[in-house]
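Grab your viewer and a coffee, and let's work through a few exercises together. Try each task yourself before reading the solution.

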Amino acid sequence: MSTAPTVHQQRLLLTEIPGPESRARLERKKQLVADGVGTMLPVFVTEASGGILRDVDGNQLIDLGSGIAVTTVGNSAPAVVRRVHEQVDAFTHTCFMITPYDGYVDVCEQLAELTPGDHAKKSALFNSGAEAVENAVKIARVATGRDAVAVFDHAYHGRTNLTMAMTAKNMPYKQGFGPFAGEVYRAPMSYPLRDGLSGAEAAARAIDHLDKQVGAGNLACLVIEPILGEGGFVVPAPGFLPALAEWCTANGIVFVADEIQSGFCRTGDWFACDDEGVVPDLVTTAKGIAGGLPLAAVTGRAELMDSVHTGGLGGTYGGNPVACAAALGAIEEMRTHDLAARAREVGAIIRQRLEGIRAVHPVVADIRGRGAMMAIELVDPETGAPDAARAAAVNAACHQAGVVTLTCGTWGNVFRFLPPLSISDDLLHEGFDVVTEAFAATAG
Ligand SMILES: *Cc1c(COP(=O)(O)O)cnc(C)c1O
């Protein structure tokens, strides 16, 4: 089977962005789709592969976002397509809780093998990242008999009631949606650009905060993104995660790594925790796990996972057979093409290009991330104040030039790059030529 992308790998601008066909469809969307569901770049997509999205006007955009770290293996990656086709032809749903099938168990086998640590592991499958996080908390509460949940500043864990409580940022995720779930406590995160603390110092600060304000003995779990996602791709100072993990172990607190955005080769390892050899008790995964189909998982120590009574975990669609086939295809792509290594190559190119931008534009205060999960934080060089306006201007200029870029961060002043790992070096460079031009065009 050919692995060549089906869409010609070239940026192409036939109209302004969005073009007339997309604008007409946007009008229709406004009539029919709830306003609460926003779209950042309203080009309607007809086809995508490699590093290109093609729209209804025939424009071809370079994808530096992967639909928020989902199409890590590329859109419609060959092994995903093949396995999904085979599964759809065979059957589409039975409900695993009624009559099981191999695909679900095969995904759990892969997760046991790939997630950090060589202890006995089990998994449960769900539909979305938020659902996985909720279930990790359910498992930790049953296993410990405790209620409290520790989370961090700048955290993003989802949009359901419990995960809204766990998410830090009010707008747009929480505003007006309360009251939120209780027993969620927020600790200070390690944020090297802003706090200047070593990992050990930042961990001591967080631990003291939780000890004094909650009490270690009341905590069921501590849930942390090993590299912040929506919160700004902040990489905690070295030693921060190991110190927290150690404290959790010493105090019977379940250490949950939310690897929903950072997992599955994105950072140049299978999981971001691998970088410092941190072994979480539970890991939540979603996004990159299934090449675009909705699937999520909680994977962890077998004895923890098994603390929940039979029937206590599940859901109608969790571990749907088509989504499981897609996950097995995505993992096949990652293994066959050593996409963790590819993420490191992509990351090296991105870092070099971002260094070039920082050398000219002092608004770039920080270049951070790991592998193909990279970001820059923009601040006023005089005052250090977050510069969200510049981030928005650069973002808009990139979109108009046919490059899909994303922002993030508590102050909206972080530019993040998450290209599919199927992107070619040439296309990646062309994407960053556009980003570089966008910085020049928006300067002064
Ligand atoms: C996206 C994300 C979630 C929520 O996942 P959904 O599938 O959107 O529910 C949770 N945690 C992290 C770190 C994420 O990036």
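Where is the place of serine 76? Serine 76 sits in the loop between helix H2 (66–69) and H3. Keep in mind that this is a predicted model.

**Exercise 1. Backbone oddities**

Task: look at the backbone of serine 76, then find where the cis bonds before proline 172 and proline 179 fall.

Solution, step by step:

1. Start with serine 76: its phi is near 45 degrees, which is a positive value in a residue other than glycine.
2. Next, check omega. The bond from methionine 171 to proline 172 is cis, with omega near 0 degrees. The bond going from glycine 178 to proline 179 is cis as well, again with omega near 0 degrees.
3. Now place the two prolines. Proline 172 belongs to the loop between H6 and E6, and proline 179 is found in the loop between H6 and E6 too.

**Exercise 2. Around that loop**

Task: work out how E5 and E6 pair, and which way the chain crosses over between them.

Solution, step by step:

1. Strand E5 (residues 148–152) pairs with strand E6 (residues 184–187) in the parallel sense, over 4 bridges.
2. To get the register, use alanine 150: its bridge partner in E6 is tyrosine 185.
3. Then trace the connection. From E5 the chain goes through helix H6 (residues 161–166) to E6, a β-α-β crossover that is right-handed.

**Exercise 3. H3 against H11**

Task: decide how H3 and H11 are oriented, parallel or antiparallel, and say who makes the contact.

Solution, step by step:

1. The axes of helix H3 (residues 78–90) and helix H11 (residues 321–336) come within 7 Å and cross at roughly 155 degrees.
2. Angles over 145 degrees count as roughly antiparallel, so that's what H3 and H11 are to each other.
3. For handedness, the crossing of H3 and H11 is right-handed.
4. On the H3 side the contact includes Val80, Val84 and Val88, and on the H11 side Ala325, Ala326 and Leu328 are among the residues taking part.
5. Sorted by class, the H3–H11 contact has 11 nonpolar, 2 polar and 4 charged residues.

**Exercise 4. H8 against H9**

Task: describe how H8 and H9 cross and what the contact is made of.

Solution, step by step:

1. Helix H8 (residues 199–213) and helix H9 (residues 240–250) have axes that come within 8 Å, crossing at roughly 35 degrees.
2. H8 passes H9 in a right-handed crossing.
3. H9 brings Phe240, Ala243, Leu244 and Trp247, while the H8 side includes Ala202, Ala206 and Leu210.
4. The class split for this H8–H9 contact is 9 nonpolar, 1 polar and 1 charged.

**Exercise 5. H12 against H14**

Task: do the same for H12 and H14.

Solution, step by step:

1. The axes of helix H12 (residues 339–360) and helix H14 (residues 425–441) come within 10 Å and cross at roughly 25 degrees.
2. Angles under 35 degrees count as roughly parallel, so H12 is roughly parallel to H14.
3. H12 passes H14 in a right-handed crossing.
4. Residues to pick out in the contact include Val346, Ile349 and Ile350 of H12, plus Leu428, Phe432 and Phe439 of H14.
5. Its residues divide into 9 nonpolar, 3 polar and 4 charged.

**Exercise 6. Two open sheets and their helices**

Task: give the strand order of each open sheet and find the helices lying across them.

Solution, step by step:

1. One sheet has 4 strands in the order E11-E12-E15-E14, with antiparallel pairing. Its edges are strand E11 (364–370) and strand E14 (406–408).
2. Inside this sheet, E14 and strand E15 (residues 414–417) are joined by 3 bridges, and cysteine 408 stands opposite valine 414 in E15.
3. Helix H13 (residues 388–400) lies across strand E12 (373–378), E14 and E15, at about 40 degrees to E15.
4. The other open sheet, also of 4 strands, runs E1-E2-E3-E13 with mixed pairing; strand E1 (45–49) and strand E13 (403–404) are its edges.
5. Strand E3 (residues 60–63) pairs with E13 in the parallel sense over 2 bridges, and aspartate 63 has valine 404 as its bridge partner in E13.
6. Finally, H14 lies across strand E2 (52–55), E3 and E13, running at about 95 degrees to E3.

Note on methods:
Residues are numbered from 1 along each chain as its sequence is written. This is a predicted model: local features need pLDDT of at least 70, side-chain atom pairs count only at pLDDT 80 or more; totals for chains, interfaces and linings use all residues. Side-chain values use heavy atoms; hydrogens and water are left out. Two strands pair if DSSP finds at least two bridges between them. Contact means heavy atoms within 4.5 Å. Axes are lines fitted to C-alpha atoms, for helices over the stretch in contact, and angles run from 0 to 180 degrees between N-to-C directions. Angles under 35 degrees count as roughly parallel, over 145 as roughly antiparallel, 65 to 115 as roughly perpendicular and the rest as oblique. A crossing is left-handed if the near helix is turned anticlockwise from the far one by less than a right angle, and right-handed if clockwise. Ala, Val, Leu, Ile, Met, Phe, Trp, Tyr, Cys and Pro count as nonpolar, Asp, Glu, Lys and Arg as charged, and the others, Gly among them, as polar. A crossover is right-handed if, with the strands pointing away from the viewer, the path from the first strand over the helix to the second runs clockwise.
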